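This report examines one protein chain, from its overall dimensions down to individual residues. Please consult the sequence and the structure shown below while reading.

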Amino acid sequence: MIPVTTLKDRKVALFGLGGSGFATARALVAGGAEVTAWDDNPDSVAKASAEGIRTEDLHGIDWSQHALFVLSPGVPLTHPKPHWTVDLARAAGVDIVGDVELFVRERRAHAPDCPFIAITGTNGKSTTTALIAHILKSAGYDTQLGGNIGTAVLTLDPPKAGRYFVVECSSYQIDLAPTLNPSAGILLNLTPDHLDRHGTMQHYADVKERLVAGSDVAIVGIDDSHSALIADRIERAGVKVVRISRRNAVASGIYAEGTRLVQAGGGAMLPFADLDGIQTLRGSHNAQNAAAAVAACLAVGVSADDIRTGLASFPGLKHRMQPVGKRGRVVFVNDSKATNADAAAPALSSYDRIYWIAGGLPKSGGISTLAPYFPRIAKAYLIGEAAAEFAATLGEAVPYEISGTLERAVAHAAADAERDEAAASAVMLSPACASFDQYKNFEVRGDAFVSHVAALDGMTMLIGPATGEK
């Protein structure tokens, strides 16, 4: 835990007692703050009270006596309209922050020089975050990984000299972190997302820009117009910018040329690493993620050799295009996190011959946008409620069967792939659907896929079935 000592003996109001909110309340109390917490969920309030955290409906407190208001990132700050607590805090002139802001204040107070890498972007940020942390850990650095990737930032070990922090930041967290100042900040890309919470694409982009604008070194993907403009703007403002691209050469930065990463600068363009053969970094989207990781690790002093070693040994992020097993020429890939068509596209674009397991609880739009990838699909195995709808979309373009269950789909796909004479093929769970018709969540679905794969005869597992780790 990181005790929030910068608010010792000061009154702090907090709303939102979910995972990160509860962790924040604990960290504030541990640091000596006088916390008053609340939530719309009575069970969350009761849990906090049982742990000794003071709870009170924030409608009734004297806001003028409070030094700060801490809002959980899941609670609306601006759109579709500010939460009622936001209105009360603003009326009293109380600053509103989130847990990432509390972290950066603690770092600034206790170890301002400890390396801090922050990652954001519409797509790829979790993989990039995990890859950076893996490179650092494999090189022997004391590494803390958290933020939006699933571990609340204030549950990490406290900042100290020589400790490296790798923190994934959502737009909601950035919006609540006005003094965010990473050693290296990454903006991977921008496409329309979360507009229900940001109102417009421009506001969404403006929020994301804050992370790199406050960085010592800003690493910006320039393959979309919004991010390219941000790179130019913050560079004019004096920020050191390293550009990355998965499509085009850059004059200074890291770019992908097929599977090769090239380091450009000072008029020279030098090969840095080749991702060919690294199963967990297949596809142009992962080339962008790897380019960002390389740039960030170089920025905080990691050697080129250590970075290359880390790239080659990256185990992948669980449930995201994760190779989990191999049998002969066939690799088995867990991409359960792909809960819609857009999310499934990167995996389908990364393999040439695919035995595709798809389906579940369908989402609006179905899989029609995946038609450009249909020639890569040797056969589809359809499961769950979406099976009939997906079958109609595939039509005569792709051979398919309605397998019904994941277990049957894995068995049939594995048998068909084994008979395939192609040099290489993939049995891939990339459902393009939510899981809730058959599974509690995509994690449970992915774990079930791994278990079914592990039960096949002659399998060489690349991960542990229980942990998803190498």
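The following paragraphs treat the whole chain, a sheet with its helices, one strand, one loop residue and one helix.

## Overall form

The model is a predicted one. The chain contains 15 helices and 20 strands. Its C-alpha atoms occupy a box of roughly 70 × 55 × 40 Å along the principal axes. A compact globule of 470 residues would have a radius of gyration near 23 Å, and the chain agrees because its own value is 23 Å. Of the 470 residues, 54% are buried. Among contacts with a separation of 6 or more, 65% link residues that lie 24 or more positions apart. The exposed surface of the chain comes to about 18,600 Å², of which carbon and sulfur atoms supply 50%.

## The seven-stranded sheet

Seven strands form an open sheet with mixed pairing, in the order β18-β17-β16-β19-β15-β14-β20. At the edges stand β18 (400–404) and β20 (460–461), each of which pairs on one side only.

Two helices lie across parts of this sheet, as the table sets out.

| Helix | Residues | Strands it lies across | Angle to β17 |
|---|---|---|---|
| α13 | residues 387–394 | β16, β17 and β18 | about 155 degrees |
| α14 | residues 406–419 | β14, β15, β16, β17, β18 and β19 | about 165 degrees |

## Strand β16

Strand β16 spans residues 354–359 and pairs with β17, residues 377–383, in the parallel sense over six bridges. Within this pairing, isoleucine 354 stands opposite isoleucine 377, and alanine 358 has leucine 382 as its bridge partner. β16 also runs parallel to β19, to which four bridges join it. Here tyrosine 355 has valine 427 of β19 as its bridge partner.

How many residues of β16 are buried? The count is six of six, and the strand is thus mostly covered. In a regular strand, side chains alternate between the two faces of the sheet. In β16, Ile354, Trp356 and Ala358 point one way, while Tyr355, Ile357 and Gly359 point the other way, and all are buried.

## Tyrosine 351

Where does tyrosine 351 lie? This residue is in the loop between α12 (341–348) and β16. Tyrosine 351 counts as buried because its relative accessibility is 4%, whereas the cut-off for that class is under 20%. Neighbours within four places in sequence aside, tyrosine 351 is in contact with Gln279, Arg282, Met321, Pro323, Val331, Val333, Arg376, Ala426 and Met428. Among these partners, Pro323 falls within the range of β14 (322–327), Val331 and Val333 within that of β15 (330–334), and Ala426 and Met428 within that of β19 (425–429). Tyrosine 351 and alanine 424 are 73 residues apart in sequence, with 9.0 Å between their C-alpha atoms.

## Helix α2

Helix α2 covers residues 42–50, and its residues Ser44, Val45 and Ala48 are buried. Viewed down the axis of α2, the buried residues fall within an arc of 100 degrees, so they line one face of the helix. These buried residues pack against α1 (19–30) and β2 (34–38). Which residues are exposed on the other side of α2? They are Pro42, Asp43 and Ala50.

Technical notes
Residues are numbered from 1 along each chain as its sequence is written. This is a predicted model: local features need pLDDT of at least 70, side-chain atom pairs count only at pLDDT 80 or more; totals for chains, interfaces and linings use all residues. Side-chain values use heavy atoms; hydrogens and water are left out. Two strands pair if DSSP finds at least two bridges between them. Helices (H or I, at least four residues) and strands (E, at least two) are DSSP runs, numbered from the N terminus. Contact means heavy atoms within 4.5 Å. Axes are lines fitted to C-alpha atoms, for helices over the stretch in contact, and angles run from 0 to 180 degrees between N-to-C directions. The radius of gyration is taken over C-alpha atoms; the globule rule is 2.2 Å times the number of residues to the power 0.38. Buried means under 20% relative accessible area, exposed over 50%, partly exposed in between (1.4 Å probe, protein chains only). Accessible areas come from the Shrake-Rupley method with a 1.4 Å probe; for residues, only the protein chains shown count as cover. The arc is that of the directions from the helix axis to the C-beta atoms.
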